[in-house]
Amino acid sequence: MSGLDPTQHPSSDLHGSYGWTDTLKGVYYGPGSVKTALPKLLSIVGGKKALVVTGRSLHDKTDVVKQVENVLKEHNAYGATFYEIGQHAPIVGIQNGLKLFKDVGANVIVSVGGGSPIDASKAILFFQQQESGGPYLRQIAIPTTLSAAEYTVGAGYTNEQGYKVAVSSPELAPAGVILDAELTLATPERLWLSTGVRALDHAVENLYRPLAPPPIKYLSYAALADLFKYLPQTKANPQALDVRQKLQLASWMSLWPLKLEKYSALGLSHALGHKLGARYSIPHGITSCLTLAPVVELQAELLSPDDKEWLAGALFYLRTPSTGSLEGDIRTLAAEIHKLVDDLGLHSTLTEYKVPHEDVLEIAQLAVGKENPSLPKVTALLEGLY
């Protein structure tokens with residue numbers, strides 16, 4: 001995946017545009033909703049035979065995939081299940097998944113799990129279209145984490161060299177999303193909580209994302225407030241379905257479906273996360289636990305006045321008093337994020353993941369570019385993560 005986009009964009013406060021992703025036909029939510037929502041979405045997208053794409057742990061250690069398979073079988077729409085999708089979606093899994101998709105004659109993918117199976121499904125459909133030359137086929141996503149990959153048009157996966165790369169097309173965003181909190185009960189606590197911080201990363205970085213229109217930013221404020229409120233609650237009471245459902249809704253608001261006339265990347269925390277994750281086997285959510293708070297603190301120095309105002313505004317939605325200055329408020333927000341990560345038991349270091357010190361400059365360069373004036377500060381930020 002590319003690093004931070006250096007393009008300078010005008011403020012989107014008074015001029016801009018918004019589009020809903022072309023492919024999305026519906027988002028259904030509620031505990032137990034998979035039983036009614038999946039048949040509806042299959043009908044809407046013309047899904048006759050589905051390949052279920054998931055990960056090995058979810059397939060082998062829970063009955064979540066079996067529940068989805070049973071709904072498909074009841075409607076005579078089950079083709080096969082592919083569960084060789086690993087963390088960060090390695091290319092070999094995508095290639096094997098594409099082969100099975102073709103072998104069973106599937107015309108739709110039902111992905112079950114976190115960001116890796118959802119992104120791998122986008123990549124399978126991308127390569128299927130490249131081979132066939134026909135229209136893009138569709139995905140129905142059933143997420144069991146809070147990482148929000150189901151709302152985006154891009155797919156990150158790991159190439160043969162171990163680097164995170166991406167394919168992107170407006171046609172790749174899932175056609176349907178089912179947020180069924182019951183299916184998240186088997187998600188391991190650390191994965192559930194850390195992908196919640198990933199959603200927080202989306203919400204925060206949307207506040208200074210180039211070209212993001214104001215309604216998206218207000219949805220990000222709502223997501224941010226709910227993630228701060230409900231992540232501690234779900235840690236304290238993991239079986240509370242209402243809390244889990246509200247977190248899935250917060251994840252949706254954190255990365256609300258968005259079609260821009262020109263693509264714009266999120267921000268520095270995401271850019272660093274992409275460079276750290278696949279290469280050093282750091283899970284998606286944990287990269288956000290590492291980078292988000294220090295990145296927000298650095299943004300007090302780097303952002304434009306307009307972007308500082310949006311970011312500082314988050315304190316109001318956290319019911320946290322203002323310090324009286326934008327920079328002070330941004331640093332307070334960084335401290336609140338740091339505290340949340342610690343309270344959730346998610347504090348991590350680059351040392352834990354055996355990231356060599358000598359790689360730090362290269363990681364920073366890949367994230368922001370060799371000529372970026374902030375490179376020394378980003379390098380120092382990474383040094384502080386050991």
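Exposed means over 50% relative accessible area, and buried means under 20%. The views below come from a predicted model.

**View 1. Phe 316, Tyr 317 and Tyr 221 are connected by ring pairs.** The structure holds eleven aromatic pairs. In one of them, the rings of Tyr 221 and Tyr 317 have centres 4.3 Å apart and planes at 15°, so this pair is stacked. The two residues are 96 residues apart and link distant parts of the chain: Tyr 221 belongs to helix α7 (residues 214-236), and Tyr 317 to helix α12 (residues 314-317). Tyr 221 is buried, at 4% relative accessibility, whereas Tyr 317 is partly exposed, with a relative accessible area of 27%. Tyr 317 also pairs with Phe 316; here the ring centres are 5.2 Å apart and the planes stand at 85°, so the arrangement is edge-to-face. Phe 316 has a relative accessible area of 59% and therefore counts as exposed.

**View 2. Five aromatic residues form a cluster.** The members are Trp 20, Tyr 29, Tyr 151, Trp 252 and Trp 256, linked by ring pairs.

**View 3. Two charged side chains lie over aromatic rings.** Lys 73 is placed over the face of Tyr 78, at 5.0 Å from the ring centre. Arg 244 is placed over the face of Trp 192, and its distance from the ring centre is 4.3 Å. Lys 73 falls within helix α3 (residues 64-74), and Tyr 78 falls within strand β3 (78-82).

**View 4. Six strands make up an open sheet.** The strand order is β1-β8-β5-β4-β2-β3, and the pairing is parallel. The edges are formed by β1 (26-29) and β3 (78-82); each has a single partner strand, so one side of each is left without a neighbour in the sheet. On average, neighbouring strands are turned by 15° against each other, direction ignored.

**View 5. Strand β4 lies between β2 and β5 in the sheet.** Six of the six residues of β4 (residues 108-113) are buried, so the strand is largely enclosed by the rest of the structure. Towards strand β2 (residues 50-53), β4 pairs in the parallel sense over four bridges. Val 52 has Val 110 of β4 as its bridge partner. Towards strand β5 (residues 138-143), β4 is joined by six bridges, and these two strands also run parallel. On this side, Val 112 has Ile 142 of β5 as its bridge partner. In a regular strand, side chains alternate between the two faces of the sheet.

**View 6. Strand β5 pairs with strand β8.** The pairing with β8 (residues 176-179) is parallel and has two bridges. Ile 140 stands opposite Gly 176 in β8.

**View 7. Helices α3 and α4 pack on the sheet.** Helix α3 (residues 64-74) lies across β2, β3, β4 and β5, and runs at about 165° to β3. Helix α4 (residues 91-103) touches β2, β3 and β4. The direction of α4 makes about 165° with that of β3.

**View 8. Helix α5 connects β4 and β5 in a β-α-β unit.** The unit consists of β4, α5 (residues 115-132) and β5, and is right-handed. Asp 119 is found in α5. Is Asp 119 buried or exposed? Its relative accessibility is 10%, so Asp 119 counts as buried. Leaving aside neighbours within four places in sequence, Asp 119 is in contact with Ala 149, Gly 154, Ala 155 and Gly 156.

**View 9. Leu 211 has a positive phi in a loop.** The phi of Leu 211 is about 75°, although the residue is not a glycine. The loop that holds Leu 211 runs between α6 (189-206) and α7. With a relative accessible area of 22%, Leu 211 is partly exposed.

**View 10. Arg 319 has a positive phi in another loop.** Arg 319 is not a glycine, and its phi is about 55°. The residue lies in the loop between α12 and α13 (326-343). Arg 319 is exposed, with a relative accessible area of 69%.

Key
Residues are numbered from 1 along each chain as its sequence is written. This is a predicted model: local features need pLDDT of at least 70, side-chain atom pairs count only at pLDDT 80 or more; totals for chains, interfaces and linings use all residues. Side-chain values use heavy atoms; hydrogens and water are left out. Rings of Phe, Tyr and Trp (its six-membered ring) pair if their centres lie within 6.5 Å; planes under 30 degrees apart count as stacked, over 60 as edge-to-face and the rest as tilted. Buried means under 20% relative accessible area, exposed over 50%, partly exposed in between (1.4 Å probe, protein chains only). A charge sits over a ring if NZ of Lys or CZ of Arg is within 6 Å of the ring centre and within 35 degrees of the ring normal. Two strands pair if DSSP finds at least two bridges between them. A crossover is right-handed if, with the strands pointing away from the viewer, the path from the first strand over the helix to the second runs clockwise. Axes are lines fitted to C-alpha atoms, for helices over the stretch in contact, and angles run from 0 to 180 degrees between N-to-C directions. Contact means heavy atoms within 4.5 Å.
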